[in-house]
Amino acid sequence: MDKPTHLIEFETMLLGRHLQLGAPRSRRGGGRLDRSAYTLLSRIRVQGPMSIGQLSEAFGLDASTLNRQTAAMLRAGLVERIPDPDGGIARKFRITSAGEAGLDAERAENISGLERVMAGWSPDEVAVLAAYLKRLNSDIENLDGRPWPRP
């Protein structure tokens with residue numbers, strides 16, 4: 001850990017362990033969205049209905065992986081297949097009201113968890129971290145060529 005980038009790599013690895021801060025480990029899985037559903041629903045909410053091809057391009061994942069993930073979301077009633085609103089051939093996935101509610105509940109739990117973790121932080125410290133995380137993510141997205149649309 002002799003370079004700051006080594007420490008950042010280590011700390012972001014640990015941060016990945018602490019996702020879903022809002023629920024104790026014993027509650028995870030019971031009615032909660034899995035990580036892939038949370039991410040896919042978040043993207044569909046911001047961008048609107050998306051096809052498997054569009055999801056593949058946006059996430060850099062192969063179609064078979066996305067077919068499995070979207071099939072699970074279809075079975076759970078989180079998304080529905082619709083004809084392309086722009087008249088294209090491919091069917092698109094649109095978030096359902098159950099998907100919206102699940103995403104809202106998950107996000108609220110995550111935000112609540114973050115607020116508990118950072119209860120001793122000043123508003124300025126929280127804002128600085130948010131700005132640096134946004135910059136880090138934006139720079140990663142730009143290098144990858146897959147910018148994430150932000151609301």
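## Overall layout

Helices here are DSSP runs of H or I with at least four residues, strands are runs of E with at least two, and both are numbered from the N terminus. With that in hand, let us take a walk through this model, which is predicted.

How many helices and strands are there in the protein? The protein has 6 helices and 2 strands, and their order along the sequence follows the pattern α-α-α-α-β-β-α-α. The C-alpha trace spans about 50 × 35 × 25 Å along its principal axes.

## Helix H2 and its two partners

Helix H2 covers residues 35–47, and its axis comes within 12 Å of the axis of H3, the two crossing at roughly 110 degrees. Angles from 65 to 115 degrees count as roughly perpendicular, so H2 and H3 fall into that class. On the H2 side, the contact is made by Thr39, Leu40, Arg43 and Ile44, and H3 brings Leu55, Ala58 and Phe59 to meet them. By class, the residues of this H2 contact with H3 are 5 nonpolar, 1 polar and 1 charged.

H2 also packs against helix H5, which is made of residues 97–117; here the angle is about 115 degrees and the axes are 10 Å apart. H2 and H5 are therefore roughly perpendicular as well, and H2 passes H5 in a left-handed crossing. Which residues meet in this pair? From H2 come Tyr38, Leu41, Ser42 and Arg45, while H5 offers Gly99, Glu100, Leu103, Asp104, Glu106, Arg107 and Asn110. The residues of the contact between H2 and H5 divide into 3 nonpolar, 3 polar and 5 charged.

## From H3 to H4

Next along the chain, helix H3 (residues 52–59) and helix H4 (residues 63–75) bring their axes within 9 Å of each other, at a crossing angle of roughly 115 degrees. Are H3 and H4 roughly perpendicular or roughly parallel to each other? The angle makes H3 and H4 roughly perpendicular. H3 passes H4 in a right-handed crossing.

The contact between these two helices draws on Ile52, Leu55 and Ser56 in H3, and on Ala63, Leu66, Asn67 and Thr70 in H4. Sorted by class, the contact residues are 4 nonpolar and 3 polar, with no charged residue. Leu55 of H3 is worth a second look, for Leu55 meets residues of H4 and also takes part in the contact with H2.

## A closer look at Ser56

Ser56 has its place in helix H3. Leaving aside residues up to four places away in sequence, Ser56 touches Leu61, Asp62, Ala63 and Leu66. Ala63 and Leu66 are also among the H4 residues in the contact with H3.

How far is Ser56 from Ile8, judged by their C-alpha atoms? These two C-alpha atoms are separated by 28 Å, and the residues are 48 apart along the chain.

## The second largest pocket

Ile8 leads us on to the second largest pocket, because Ile8 has an atom close enough to be one of its lining residues, for which the cut-off is 4 Å from a grid point. The volume of this pocket is about 270 Å³. Its lining is formed by Thr5, Leu7, Ile8, Glu9, Glu11, Thr12, Leu14, Leu15, His18, Leu133 and Leu136.

Which helices each supply at least two residues of this lining? They are helix H1 (4–17) and helix H6 (123–144). H1 gives the largest share, with 8 residues. By class, the lining has 6 nonpolar, 3 polar and 2 charged residues.

Terms used:
Residues numbered from 1 in each chain as written. Predicted model: local features only at pLDDT ≥ 70, side-chain atom pairs only at ≥ 80, totals over all residues. Heavy atoms only, no water. Axes fitted to C-alpha atoms, helices over the stretch in contact; angles between N-to-C directions. Parallel < 35°, antiparallel > 145°, perpendicular 65-115°, else oblique. Left-handed = near helix turned anticlockwise from the far one by under 90°. Contact = heavy atoms within 4.5 Å. Nonpolar A, V, L, I, M, F, W, Y, C, P; charged D, E, K, R; others polar. 1 Å grid on protein atoms, 1.4 Å probe; cavity = no way out; pocket = protein on both sides within 12 Å on 5 of 7 lines; lining within 4 Å. Points joined across faces, edges and corners; volume = space filled by probe spheres on them.
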